[in-house]
Amino acid sequence: MDSYDVEVAKQDNPQVWTRQSMSTSTMVTGLLSNSTYTIRAWARVGEEGGQGIWEDLGQVSCTTGFFMSSVYCTPLATDAILVNWPPVVPAGGSSPVSYSMRHKVRGDGQWGPWRTVGAQSSTVLSGLQPNTPYDIEVRASEGDLQSEPSSASCFTSWAP
């Protein structure tokens, strides 16, 4: 076998395959985070009439990563908390990871808008109502990739 190709298709759109040449191993790039793909490998086993003869080596399904883990809250005052989370390892390369956060009063059902936090893995959320339960979600972004939001982290701010 003198060369190999790999084909990749997003599982929710299996009609669209991208193909790239490789050696015995390769890094497939340009995948979306938190998405499932089918990857098929081919080996060139010869040539006939100026055309390559390819053998299907099989396929696998995989799901890409780039997930937020737990979010932690620490009360700072009657109307403010410190929100922090473990840093996310970049999924797609060397782009810096940045974070966004949103919150709501528990049971209200109306999430506030996403606000960019930046590259740090903590922020202070202020202007809260005292003695009120809140839900918080944080998501990571790297270039065009974006993680799913973290699981909601619930807390109650201090009473005055």
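**Salt bridges, strand pairing and core of the predicted model**

The side chains of Asp 135 and Arg 106 meet in a salt bridge, with an N to O distance of 3.5 Å. This contact links distant parts of the chain, since Asp 135 belongs to strand 10 whereas Arg 106 lies in the loop between strand 7 and strand 8 (115-118), 29 residues apart. The structure considered here is a predicted model. The two partners differ in their accessibility class: Asp 135 has a relative accessible area of 8% and is therefore buried, the limit being under 20%. Arg 106, at a relative accessible area of 40%, is partly exposed, because this value falls between the limits of 20% and 50%.

A search of the whole structure finds two salt bridges. In addition to the pair formed by Asp 135 and Arg 106, Glu 137 forms a salt bridge with Arg 102, and the closest N and O atoms of that pair are 2.8 Å apart. Glu 137 is located in strand 10 and Arg 102 in strand 7, so this salt bridge ties together parts of the chain that are 35 residues apart in sequence. Both Glu 137 and Arg 102 are buried. Strand 10 thus supplies the acidic partner in each case, Asp 135 in one pair and Glu 137 in the other.

Arg 102 also serves as a reference point for strand 8, in which Val 117 is found. The C-alpha atoms of Val 117 and Arg 102 are separated by 10.0 Å, the two residues being 15 apart along the chain. Val 117 has a relative accessibility of 11% and so counts as buried.

Contacts that involve aromatic rings were also examined. Arg 139 lies over the face of Trp 114, at 4.0 Å from the ring centre. A search of the whole structure finds one aromatic pair.

The largest nonpolar core comprises 17 residues, and those with the most contacts inside it are Val 83, Trp 85, Tyr 99, Ile 136 and Val 138. Strand 6, strand 7 (97-105) and strand 10 (133-142) are the elements that give two or more residues to this core. The largest share, four residues, comes from strand 10. Strand 7 and strand 10, which both contribute to the core, are also the elements that hold Arg 102 and Glu 137, respectively.

Strand 6 is in addition part of an open sheet of three strands, which has the order 5-6-9 and antiparallel pairing. The edge strands of this sheet are strand 5 (72-77) and strand 9 (122-126), each of which pairs on one side only. From one strand to the next, the twist averages 25 degrees. Strand 5 and strand 6 (residues 80-84) run antiparallel and are joined by five bridges. Ala 77 stands opposite Ala 80, which is in strand 6.

Antiparallel pairing is likewise found between strand 1 and strand 3 (residues 36-48), which are joined by eight bridges. Asp 5 stands opposite Trp 42 of strand 3. In strand 1 (residues 3-10), six of the eight residues are buried, so this strand is largely enclosed by the rest of the structure.

Note on methods: Residues numbered from 1 in each chain as written. Predicted model: local features only at pLDDT ≥ 70, side-chain atom pairs only at ≥ 80, totals over all residues. Heavy atoms only, no water. Pairing = 2+ DSSP bridges. Axes fitted to C-alpha atoms, helices over the stretch in contact; angles between N-to-C directions. Buried < 20%, exposed > 50% of the residue type's maximum accessible area, 1.4 Å probe, protein only. Core = buried A, V, L, I, M, F, W, Y, C linked by side-chain atoms within 4.5 Å. Salt bridge = Lys/Arg side-chain N within 4 Å of Asp/Glu carboxyl O. Phe/Tyr/Trp six-rings, centres within 6.5 Å; stacked < 30°, edge-to-face > 60°. Lys NZ or Arg CZ within 6 Å of the ring centre and 35° of its normal.
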